[in-house]
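Here is a short walk through one protein model, written to be read with the structure open beside you. We will go from a single side chain to the sheet, the helices and the contacts that hold distant stretches together.

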Amino acid sequence: MTLSPQEIMPSMGRRGERPCFISADAYGPLADEILAIPGVQRATGGFNCTWDIAWAVAALAGVPAPQLPLQDEASRVAAVMQMPGLARYRELGFAQKLRGYQKEDALQLALWHWGFLAEPMRSGKTPITLAAAELVGAEKILCVVPALPKLGWAEEIAAWCDEEAVILYGRAGKVARVFCKQCAGRGFHAEDGSQCDACKLLNGQSNGLRLIDAGHGTCTKHDTTCPACAKELHETIDRARYVIVNYELIVAQQAKDAAGVKYIRPDLLGWVPHLARYHFDLVIADEAHMLRGRNTDETKKGQTRREKFNALAETIDRCWLVGGTPQFSYVRDWWGQLDAASCGAATSWSDDRLFFDFDRRYCNGDMGEYGWENSGSSQYAETELHQRIQHFAIMRPRSEILPDLPKKQRQVLRIEADVAMTAVRRILRGKLDIGDKTKKLMAQTAKVKLPHVLENTTPELIEGLKIMVVCFNPDSAELYADAFKKQCKKREYKRRLADVRCQVWCAHGEVSIDARRKMGRAFREHQGAGVFVMTIGAFQVGVSLRGAVTEHWIDMHHDPSAMLQAEDRPYEPDPKTGKYDERGLSLVYYVVKGTIDEHREARFLPKVDALARVTDEEGAVQLRATMTKEEVKESLAETLERLAGHIGEDWEDAA
């Protein structure tokens with residue numbers, strides 16, 4: 001059986017196209033009702049639409065629903081067997097290294113020109129995407145990712161695809177670095193610690209990246225753009241199969257003139273105009289929730305992250321979005337991601353790519369007293385949009401993946417400790433806002449927990465295990481890191497912890513992204529006991545802390561999704577065996593009785609547990625367990641109110 005390229009074309013069709021034609025003679029109110037569906041256009045004798053909504057158009061028009069292409073197993077197998085990159089997929093060992101569900105996801109993604117890989121966190125979405133890229137035989141791939149994990153993507157590309165990715169830096173479009181696969185981006189060889197010659201710079205140092213500077217970085221003879229260096233940069237990007245850029249660098253830099261008027265700096269326009277000269281046949285958007293933003297300000301038109309991504313990806317044949325949490329709190333979050341993936345084909349019947357049609361149908365959108373309101377959810381969101389999502393998104397329930405993942409066990413350790421109520425009353429009666437009061441109270445309880453945490457974690461370190469310690473405030477993280485370092489020097493523990501090579505790392509928002517990435521890799525590769533102290537938001541996306549068997553939570557966050565992402569940092573299979581640690585993962589939450597901890601536990605920890613279970617439930621694609629900003633503010637206020645009532649009614653008058 002031989003299939004034509006059109007027959008091998010994925011069921012969603014090409015980006016920007018509405019490949020399904022439904023013949024129908026519909027006029028008046030019926031036609032208006034059909035055209036109100038985002039993604040539908042009037043055509044001669046009927047309607048054009050994307051495949052994900054064809055069933056609804058057919059039902060309204062009163063005609064039989066069209067048969068989706070490549071739905072039977074025989075045609076799908078035939079299409080996969082003729083994938084142009086199948087031989088390389090096998091050569092690289094994806095068929096042996098990937099788990100069962102990962103291979104299925106890669107094959108499904110390869111059949112789509114546009115789609116969304118929205119598997120749960122730590123399910124291995126990066127190797128799935130790379131496997132699909134190899135299957136379709138993509139010759140040049142652009143990866144648009146957040147700033148933190150972009151070096152992690154380069155590392156994965158080198159490990160899985162044996163390719164050296166080019167990583168772009170700066171908004172001037174002049175600096176790139178080539179990830180060195182000889183030393184896996186370390187700058188030295190892990191076997192003997194010798195310096196890597198493949199990525200040695202002019203100063204004789206190696207840092208795992210070869211610098212290409214078209215300005216005046218490596219070219220000391222020129223103070224402006226050097227033609228030779230510019231040519232080298234162009235040739236480097238042109239030769240590279242994988243090019244990585246972070247979202248921030250595709251947006252132009254803004255500045256203010258003497259009158260305070262904002263303008264776009266012509267020398268810092270971002271990488272979009274520079275990348276337009278290269279032909280990419282695949283673009284991958286990691287953590288695609290970053291494309292969900294909107295803009296109605298005409299003065300900023302075309303300058304948002306989503307609009308810049310659309311301009312960058314408009315001519316690229318394939319677009320795959322990747323992310324574990326496609327929707328946070330609102331149905332409207334889907335619009336920007338669906339628009340970017342389909343190049344506008346599935347979001348509006350018109351070509352202006354506005355969100356009003358989507359909002360009216362799925363978000364109860366309407367003009368309110370203060371402007372456009374779209375924070376709701378209509379009946380179509382629960383039915384029609386949910387069914388549409390199943391056509392372009394891979395959202396496997398966590399229950400299907402659990403057999404391949406270690407189970408998480410949560411426990412709460414309650415601490416009986418004396419807390420200075422005078423200090424608590426002083427914080428509560430102060431003039432600080434709710435957030436600052438909460439931070440101060442959490443910092444106070446973190447100090448109280450310190451000796452208990454050290455007592456509980458020292459036996460694990462003596463056994464040579466790796467652990468994570470999670471705090472909310474950077475000051476608390478530094479406090480705990482210093483305490484662990486002192487613990488390693490105490491007489492009763494010094495020798496035993498030295499035998500297991502115990503080391504301590506500390507990462508928080510005040511530490512540079514590059515330093516955090518290096519800390520994460522050092523922790524993963526360290527042979528021996530280790531303590532990784534971090535704030536909850538330090539590694540929200542894209543960085544693995546594989547090897548930790550226990551997480552010790554000093555503080556809890558008010559955002560369940562942030563807590564769940566931090567919990568899943570150690571979920572990473574061994575790159576050699578492809579298997580997870582059989583010891584699983586234990587999560588220990590420390591709660592000081594009678595303090596803000598108990599109230600936060602009661603308010604937020606159940607939401608984390610609900611969010612962890614939500615993907616097991618049928619129809620839970622919207623992840624509604626996540627709280628909105630208004631609910632967060634209300635919850636914090638309620639927590640402080642409950643705490644105030646708990647410690648006594650005289651707190652307002654306390655000195």
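Does Arg396, at 14% relative accessibility, count as buried or exposed? Arg396 counts as buried, because its relative accessibility is 14% and buried means under 20% relative accessible area, with exposed over 50% and partly exposed in between (1.4 Å probe, protein chains only).

Before going on, please note that this is a predicted model, in which local features need pLDDT of at least 70 and side-chain atom pairs count only at pLDDT 80 or more, while totals for chains, interfaces and linings use all residues. Residues are numbered from 1 along each chain as its sequence is written, and side-chain values use heavy atoms, with hydrogens and water left out.

**Salt bridges**

The structure holds 20 salt bridges, each being a side-chain nitrogen of Lys or Arg within 4 Å of a carboxyl oxygen of Asp or Glu. Three of them are set out here.

| Salt bridge | N to O distance | Separation in sequence |
|---|---|---|
| Asp52 and Arg388 | 2.6 Å | 336 residues |
| Arg396 and Glu104 | 3.5 Å | 292 residues |
| Arg241 and Glu163 | 3.4 Å | 78 residues |

Asp52 meets Arg388 in a salt bridge. Since Asp52 lies in the loop between β3 (46-49) and α3 (54-61) and Arg388 in helix α15 (residues 379-392), this pair ties together parts that are 336 residues apart in sequence. Helices (H or I, at least four residues) and strands (E, at least two) are DSSP runs, numbered from the N terminus. Asp52 and Arg388 are both buried.

Arg396, our opening residue, pairs with Glu104. Arg396 sits in the loop between β16 and α16 (398-401), and Glu104 belongs to helix α7 (residues 100-110).

Arg241 and Glu163 form another salt bridge. Arg241 is found in the loop between α10 and β9, and Glu163 in the loop between α9 (150-161) and β6. Both Arg241 and Glu163 are buried, and a network of salt bridges links them with Arg88 and Glu134.

**The sheet and its helices**

Now to the strands. Nine of them form an open sheet with mixed pairing, in the order β8-β7-β6-β9-β5-β12-β13-β4-β16; two strands pair if DSSP finds at least two bridges between them. At the edges are β8 (209-213) and β16 (393-394), each pairing on one side only.

Strand β4 is a good one to follow. Four bridges join β4 to β13, and the two run parallel; β4 also pairs with β16 in the parallel sense, over two bridges. Phe116 has Leu321 as its bridge partner in β13 and Ala393 as its bridge partner in β16. Leu117 stands opposite Ile394 in β16. In a regular strand the side chains alternate between the two faces of the sheet. In β4, Trp114 and Phe116 point one way and Gly115 and Leu117 the other way, and all are buried.

Helix α10 (residues 227-239) lies across β6 (166-169), β7 (175-179), β8 and β9 (242-246), at about 130° to β8. Axes are lines fitted to C-alpha atoms, for helices over the stretch in contact, and angles run from 0 to 180 degrees between N-to-C directions. Contact here means heavy atoms within 4.5 Å.

Helix α12 (residues 305-313) is largely enclosed by the rest of the structure, because seven of its nine residues are buried. Among the buried residues of α12 are Arg306, Glu307 and Lys308. The buried residues of α12 pack against β5 (141-145), α11 (272-275), β12 (282-286), β13 and α13.

**Aromatic rings**

The structure holds 12 aromatic pairs. Rings of Phe, Tyr and Trp (its six-membered ring) pair if their centres lie within 6.5 Å; planes under 30 degrees apart count as stacked, over 60 as edge-to-face and the rest as tilted. Phe116 and Trp334 are edge-to-face, because their ring centres are 5.9 Å apart and their planes at 65°. With Phe116 in strand β4 (residues 114-117) and Trp334 in helix α13 (residues 333-342), the pair ties together parts that are 218 residues apart in sequence. Phe116 and Trp334 are buried, and ring pairs link them with Trp114 and Phe392 into a cluster.

Finally, the charged end of Arg332 sits over the ring of Tyr330, 4.1 Å from its centre; this term requires NZ of Lys or CZ of Arg within 6 Å of the ring centre and within 35 degrees of the ring normal.
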